[in-house]
Amino acid sequence: MKSVSKTINVKRLILYPLVTLLTVLMLGEYAFVFFKKDKLEEQKKYVDTLTKTLSEMIQKEIIVVTSATSMLETLLRQDHFATTNFNDWSREILSINENVSNLQLAPGGIVMDIFPLEGNEQAIGHDLLHDPKRSIGARIAVDSKELTFIGPVRLIQNNRLAVIARKPVFRYKNQQETFWGFTIALIYVEELMGDLLSGLDDLGLNYQLIGSNPDSLTQPIIAASIQPISNQAMQYPVLVPNGEWLLSVEYHFESLTDDFLYHGLILLMASLLSYFAFIYERKSQLQQIELVSLNQQLESLAYFDSLTGLRNRRSASDIAQELFHLAQHSQVPLIVAFLDIDYFKHVNDVHGHQAGDVILKALSNLCAKSCRESDIIARWGGEEFIVFLPYTDLDYALVFCETLRKNISMECFMYESEKIEFTISIGLSEVAPADKSIEDVIKRADEALYLAKKNGRNRCEVSLG
């Protein structure tokens, strides 16, 4: 796994607001030089720059928020589409996506789980695919197989305005891709916009942000200034997952009475945008740190055994399938070695389960040190381990396993001042032309391991195909 920095990048945190401040100040001064010559043209250039900046900041905020639906889908797949841990997932996701108001799961298009539930009870059982007020947007998401961003809409549970991110989830069943349902993130409009547009009325800026709702004949207004905008307002698209919103902004230079007021206003606007840039960059870095950390935890849980640090059965099985196909199609030898600790139950009964964990870790370390870089070692379950030895003939594999077995039998492990000795039994098998899958080879190795146990333990046995 890649190492990722978990600290704030102070240079970027200072640089971005500073660049924003200097950029706005320079643009303001540029506008001032040509103000009296061509007021209208300079007005358009200034507002265009501001509109682009605001729209990009809103767009980045949307991207960060909609990542919550992907995180929820990842956790759902991790639990094989079981939803019993939904509240725990949601609590973790909301802790790093503070703008998200609640998360929902809608298997088959019907809302069945909501977190937090309080105040949203009326939405339980809501059939998105058959509600005339929601079905068009929901079906667009299913048909396109892409996340859709809809809003603002008036919620049935509390009559508040919110934007909704719906991600259609598909799964393979009977070798066919079928629609499972939606992962949903709901964001109230006032929490989504936050401080991005507040205060612009006092600066003489008129603005309007229009959203997108396929279930409505009219385009909803997300936010607007106290004074209405004119047809001279600068417009800039804000890209959302399934389309775009439209941000319109205009500024009335006629309100300026002298140069001092103009420079003061430019400085105030530059400081305001610089402050927004600082807040956004800091928030973005914190969210990225948390997201990377969560992804690393999910990857570790999915592919590695938490006790020994070795690959788990699922991860090793995926790699073993590839090694098996290579062995079958390219005649590359592949050996499977099944290891099991002898009388492991006796160790747990006499010394306790913590001592058993120490033995499992010690065996894992010895095996890992003995294996080549190309070998794949994994904890298969309990006290069972498996080693896949590619590019290896049976003779070398026997030497390897016998050496490992003897080394372990001569080791003495300490646990709370007690000496613990143990041995292992090993069963080996190699890929044969008649094998249909890697499971055939593993089964023979398991049979050889059983034979080693039967013949007295602390030995290696081979099962040929």
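I take two strands as paired if DSSP finds at least two bridges between them, and I use helices (H or I, at least four residues) and strands (E, at least two) as DSSP runs numbered from the N terminus.

**Entry 1: ground rules.** I am working on a predicted model, in which local features need pLDDT of at least 70, side-chain atom pairs count only at pLDDT 80 or more, and totals for chains, interfaces and linings use all residues. Residues are numbered from 1 along each chain as its sequence is written, and side-chain values use heavy atoms, with hydrogens and water left out.

**Entry 2: the hairpin and its sheet.** I looked up Ala-378 and found that it stands opposite Ile-386 in strand 12. Strand 11 and strand 12 run antiparallel and are joined by 5 bridges; they form a hairpin with 2 residues between them, and Gly-382 in the turn has a positive phi of about 60°. On its other pairing, strand 12 (residues 384-390) runs antiparallel to strand 10 (residues 334-341), with 7 bridges between them. Two of the partners I noted are Val-336 with Phe-388 and Asp-340 with Glu-384.

I then asked in what order the strands of this open sheet lie. The order of the 5 strands is 11-12-10-15-16, with mixed pairing. Strand 11 (376-381) and strand 16 (460-462) are at the edges with a single partner strand each, so one side of each has no neighbour in the sheet. Neighbouring strands are turned by 20° against each other on average, direction ignored, where axes are lines fitted to C-alpha atoms (for helices over the stretch in contact) and angles run from 0 to 180 degrees between N-to-C directions. Helix 10 (residues 394-410) packs on the sheet and touches strands 10, 12, 15 (424-430) and 16, contact meaning heavy atoms within 4.5 Å; the direction of helix 10 makes about 170° with that of strand 15.

I also checked burial, with buried meaning under 20% relative accessible area, exposed over 50% and partly exposed in between (1.4 Å probe, protein chains only). In strand 12, 6 of the 7 residues are buried, so this strand is largely enclosed by the rest of the structure.

**Entry 3: helix 9 against helix 10.** Helix 9 (residues 353-370) packs on helix 10 at an angle of about 145°, and their axes are 11 Å apart. From helix 9, Leu-363, Leu-366, Cys-367 and Ser-370 meet Phe-400, Leu-404 and Ile-408 of helix 10.

**Entry 4: Val-431.** Is Val-431 buried or exposed? Val-431 has 17% relative accessibility and therefore counts as buried; its place is the loop between strand 15 and helix 11 (438-454). Leaving out residues up to four places away in sequence, I find that Val-431 touches Phe-324, Ala-327, Gln-328, Leu-334, Val-441 and Arg-444. The C-alpha atoms of Val-431 and Val-441 are separated by 6.0 Å, although these residues are 10 apart along the chain.

**Entry 5: the other sheet.** Another open sheet has 5 strands in the order 2-1-5-4-3, with antiparallel pairing. Strand 2 (113-115) and strand 3 (148-154) form the edges, each with a single partner strand, so one side of each is left without a neighbour in the sheet. Strand 1 (residues 102-107) pairs with strand 5 (residues 176-188) over 6 bridges in the antiparallel sense, and among these strands' residues Leu-105 has Thr-183 as its bridge partner. Helix 4 (residues 135-144) lies across strand 3, strand 4 (161-173) and strand 5, running at about 40° to strand 4.
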